[in-house]
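Below is a short briefing on one protein structure. Keep the sequence and the 3D view open while reading.

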Amino acid sequence: MHHFEILSRIKQCRKLNLPIHGKTLHAHVIKSGLNLHGPLFSNTLIHMYGKCDHLKDAVQLFEEMPNRDLASWASIFTAYNQANLLKHTLFLFSSMISRDGLQPDHFIFASIVNACAGLTALRLGEQIHTQFVVSLFSDDDVVKSSLVDLYAKCGFPDKARRVFDSIVSKNAISWTSLIYGYAKIGRKTEALQLLRDMPCKTLCTWTALISGFVQGGNSADSFRVFHELRREGADIDDPFVLSSLIVGSATLAMLDVGKQVHRLVIGLGYESNLYVSNALIDMYAKCSDVWSAEKIFGSMRKRDIVSWTSIIVGLAQHGLAHESLALYDEMIVLGLKPNEVTFTGIIYACSHAGLVEKGRKLFKSMVEDYKLRPSLQHYTCLVDLYSRSGFLEEAENVLNSMPFKPDAAAWAALLGACNQAGKNKIGVRIADYLLQLGPEGSSMCILMSNIYARAAMWENVAKVRKLMGAMELRKKPGYSCVDLGKEVQVFYAGETTHPFKDEIFSLLNELDAEMRKRGYVPDTSLVLYDMEEQEKERQLFWHSERSAVAYGLLKSARGASIRILKNLRVCSDCHTVLKFISNIVRREIVVRDANRFHHFKDGECSCRGFW
């Protein structure tokens, strides 16, 4: 074969993803000695291996090359980026100049900026930007498009805009990156105006806008954009936009909306897509329909670690710890390697089921068997595991010995447990320590205030409240929203101005009377204010989840489940009340609070007292 024909065939292997045939050509190159005549053939082979996901072969060939040029480095950087080993790309870049004495060209700049964008490595990206500006390639529009993507992903769309404005020939990638950047940080006006100004919109652009809104916490806007996309008659030839909408449904905890997107997925023929299926598992679990999540998982022909982790975490959040652990064991038997997220979910499952020893073993297995370095989140899960089961000294030891400075979530796990268990002595000691350090955030201050109030240390309560005032912190108002399919109603704690307040008050009174007949006694110790007992009971009576449940009972079909989303943790008195109500009205009540899901049915809760 002629030299040019061999090169052409290697390139065809790259395009058609034929690595085995590519290896045959590689062998021919070696036998004929073509690799000894400069780096051209080796560079082409590295590029082919990288595109075909044969990174090991690409790296081996790169390391064996006696002489490397810029194209060699660009090819290996592309291979690492393709394999999503972006840190390897950046590490190798630092040795390019020292090993081969080469200065980056526009291809190298683009690869390195792309790696920085993927890692949101802003500082290094800015350094590379500075090198690019003073280089001979400073006018290259491809590198500039990569810089737009970098700044957009790092949350600096105005910086991205300045680079974007300097691009002579703007392509769809630069437009899309900038639109995503503005959407992600909630600057809807700029994002939508850019979409209107874009000369030729693609599905990728619409998807970026929708995804940006979802990631920025504006999921409702993502659905409005999708309706506009459909009105324009665009073909949905890529399922990623549907994955973003499914994530949006999960964020809003709107089951009916998620089901509508699911029906669209089926109608467009994407139900077997791995990413879509994974998103559906997560959505159904977060929308309190864990049985549908299990059904999706069971129907999947192909599963990856995300699939397994999604269903394991989903089951754990719904109090199905033993089922979650059984799936974890099945996954290990099948030879899949759990990742950091898997361990967070499975230790969480143990925490919310009181399985302290099992959770301890899993944490040890993560480090010793899978060589994963525990993050702050893993240590917080371990603290939570001990705290919920009353092992408060062990929890405190973890906080004091872990290689991270404990954050608010870690301290909150321990303080919250002290508050729940009535361990005032330990709670006060920790609160005193945090008061000296200076607590961060309103939630921590509220916990400390509650600890002091339980111990009747009113001077310290006043100190914490004064501190909150000085820090201009406000207690997050408790609210609950009830999803009735076509209608979602939000209720705030203490709200007495709702149009249905009379009907809600009447029903709650009826339920309260029946509960007291069955043995209910309000736990007024949870009202941490100095007031009369009757007033404390009234405070509990108007907690937001009770109003939401009453409204759901009044407005939903007979026998239908009531689904509630609450922004704070359900208090123990409301937890007791909801168990009573589920038994009285013979309905399932599903509550997603700040910690987990609670399925109240026939007077019992799926959490079994661990929340």
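Which elements do the buried residues of α13 pack against? They pack against α11 (172-184), α12 (188-197), α14 (219-231) and α15 (240-252). The model is predicted. The points below cover this helix, aromatic pairs, charges over rings, a run of strands, cysteines and backbone angles.

**Helix α13**

- Helix α13 covers residues 203-215, and its 13 residues should span 18 Å at 1.5 Å a residue. The C-alpha atoms at its ends are 18 Å apart, which agrees.
- The helix is mostly covered, with 11 of its 13 residues buried.
- Among the buried residues of α13 are Leu203, Trp206, Leu209, Ile210, Phe213 and Val214. Polar residues are also on the buried list, including Thr205, Thr207 and Ser211.
- Gly217 comes just after α13 and takes a positive phi of about 85°.

**Aromatic pairs**

- The count of aromatic pairs comes to 14.
- Phe62 and Trp73 form an edge-to-face pair, because their planes stand at 80°, over the cut-off of 60. Their ring centres are 5.0 Å apart.
- Phe62 belongs to helix α4 (residues 55-64) and Trp73 to helix α5 (residues 70-82), so this pair ties together parts that are 11 residues apart in sequence.
- Both Phe62 and Trp73 are buried.
- Phe500 and Tyr551 make another edge-to-face pair, with 5.6 Å from centre to centre and 90° between the planes.
- Phe500 sits in the loop between β2 (488-492) and α29 (501-517), while Tyr551 is in helix α31 (residues 544-555). The pair therefore ties together parts that are 51 residues apart in sequence.
- How do the two partners stand in exposure? Phe500 is partly exposed at 28% relative accessibility. Tyr551 is buried, at a relative accessible area of 2%.
- Ring pairs also join Phe62, Trp73, Phe77 and Phe93 into a cluster.

**Charges over rings**

- Lys170 places its charged end over the ring of Phe164, 5.2 Å from the ring centre.
- Arg303 does so over the ring of Phe297, with its charged end 4.0 Å from the centre.

**Strands β4, β5 and β6**

- β4 and β5 pair in the antiparallel sense over 4 bridges. Ile589 stands opposite Phe600 in β5.
- The two strands form a hairpin with 4 residues between them.
- Ala594 lies in the loop between β4 (589-592) and β5 (597-601).
- Which residues does Ala594 touch, leaving out those up to four places away in sequence? Its contacts are Lys566, Asn567, Leu568 and Arg569.
- Ala594 and Leu147 are 447 residues apart in sequence, and their C-alpha atoms are 38 Å apart in space.
- β5 also pairs with strand β6 (residues 604-605), in the antiparallel sense and over 2 bridges. Lys601 stands opposite Glu604 in β6.
- The hairpin of β5 and β6 has 2 residues between the strands, and in it Asp602 takes a positive phi near 55°.
- Why is β5 described as largely enclosed by the rest of the structure? It is because 4 of its 5 residues are buried.

**Cysteines**

- The count of disulfides comes to 0.
- Cys204 is in no disulfide, and the nearest cysteine sulfur, that of Cys200, is 12 Å away.
- Cys350 is in no disulfide either. Its nearest cysteine sulfur belongs to Cys381, 10 Å away.
- Cys350 counts as buried, at 0% relative accessibility.

**Positive phi outside glycine**

- Most residues other than glycine have a negative phi.
- Asp53 is not a glycine, yet has a positive phi of about 60°. Its place is the loop between α3 (40-51) and α4.
- Ser288 also has a positive phi, near 75°. This residue lies in the loop between α17 (274-286) and α18 (290-299).
- Is each of these two loop residues buried or exposed? Asp53 is exposed, with a relative accessible area of 59%. Ser288 is buried, with a relative accessible area of 5%.

Conventions: Residues numbered from 1 in each chain as written. Predicted model: local features only at pLDDT ≥ 70, side-chain atom pairs only at ≥ 80, totals over all residues. Heavy atoms only, no water. Contact = heavy atoms within 4.5 Å. Phe/Tyr/Trp six-rings, centres within 6.5 Å; stacked < 30°, edge-to-face > 60°. Buried < 20%, exposed > 50% of the residue type's maximum accessible area, 1.4 Å probe, protein only. Lys NZ or Arg CZ within 6 Å of the ring centre and 35° of its normal. Pairing = 2+ DSSP bridges. Expected span 1.5 Å × (residues − 1). Disulfide = S-S within 2.5 Å.
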